[in-house]
Amino acid sequence: MPLTLTLTEGAIPAGSEKEAVQRITNSMLEHHGLLGNKAMTPNVTAHVSVLPKNSTFSGGEEFSGVWMEWKVPSFAFTSREVQLAHFAEATEIIRELSGGKQPAEHIYSNVVHTVDGSWNFNGIAMTNEEIGEEIAKG
């Protein structure tokens, strides 16, 4: 379940991207009741893109932004409670790492659900049911 974290250069200090990914990942797992799950934890991956200041825009004008996008099976992020709690926490993680300089209104998030059966887990395309069976193992 990859997290794509895209940041304008300088939104958070260079070198703090790893901490951002760790904390956002842990938040996602915790709010889904899966923190420490041996099947799920290694299947939550991430990549970070840091873009030059002159390549991020809002309303056609240059600005400093942060985008968090999760690609997950359709059973993830279905609870409104989980959505609100995780994205509030993830936004605060970015704000904290920025030293309070990155405005919350310039921190964006979304979730993309994958087609059932297309999720690759341990090298095998799995259905939601099969993923659930793996998660249940611990």
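**Rings, burial and overall build**

Biologist: Why does F63 count as buried?

Modeller: Its relative accessibility is 13%. Buried means under 20% relative accessible area, exposed means over 50%, and partly exposed is in between (1.4 Å probe, protein chains only). Since 13% is under 20%, F63 gets the label buried.

Biologist: Where do these values come from?

Modeller: From a predicted model, so local features need pLDDT of at least 70 and side-chain atom pairs count only at pLDDT 80 or more, while totals for chains, interfaces and linings use all residues. Residues are numbered from 1 along each chain as its sequence is written, and side-chain values use heavy atoms, leaving out hydrogens and water.

Biologist: How many aromatic pairs does a search of the whole structure find?

Modeller: It turns up 5. One of them joins F63 and W67, with 6.0 Å from centre to centre and 85° between the planes.

Biologist: What makes that pair edge-to-face?

Modeller: Rings of Phe, Tyr and Trp (its six-membered ring) pair if their centres lie within 6.5 Å; planes under 30 degrees apart are stacked, over 60 edge-to-face, and the rest tilted. The 6.0 Å is within that limit and 85° is over 60, so edge-to-face it is.

Biologist: And why is W67 called partly exposed?

Modeller: W67 has 27% relative accessibility, and that falls between the 20% and 50% cut-offs, so partly exposed fits.

Biologist: Why do F77 and F87 count as stacked?

Modeller: Their centres are 5.3 Å apart, with 25° between the planes. That angle is under 30 degrees, so the pair is stacked. It links distant parts of the chain, 10 residues apart: F77 is in the loop between β5 (66–72) and α2 (80–97), and F87 is in helix α2.

Biologist: Are F77 and F87 buried or exposed?

Modeller: F77 has a relative accessible area of 2%, so it is buried. F87 is at 13%, so it counts as buried too.

Biologist: Which residues make one cluster with F63?

Modeller: W67 and Y108 join F63 in one aromatic cluster.

Biologist: How do you know that the size agrees with a compact globule?

Modeller: The rule takes 2.2 Å times the number of residues to the power 0.38, with the radius of gyration over C-alpha atoms. For 138 residues that gives a radius near 14 Å, and the protein has 16 Å, which agrees. Buried residues make up 38% of the 138.

Conventions: Helices (H or I, at least four residues) and strands (E, at least two) are DSSP runs, numbered from the N terminus.
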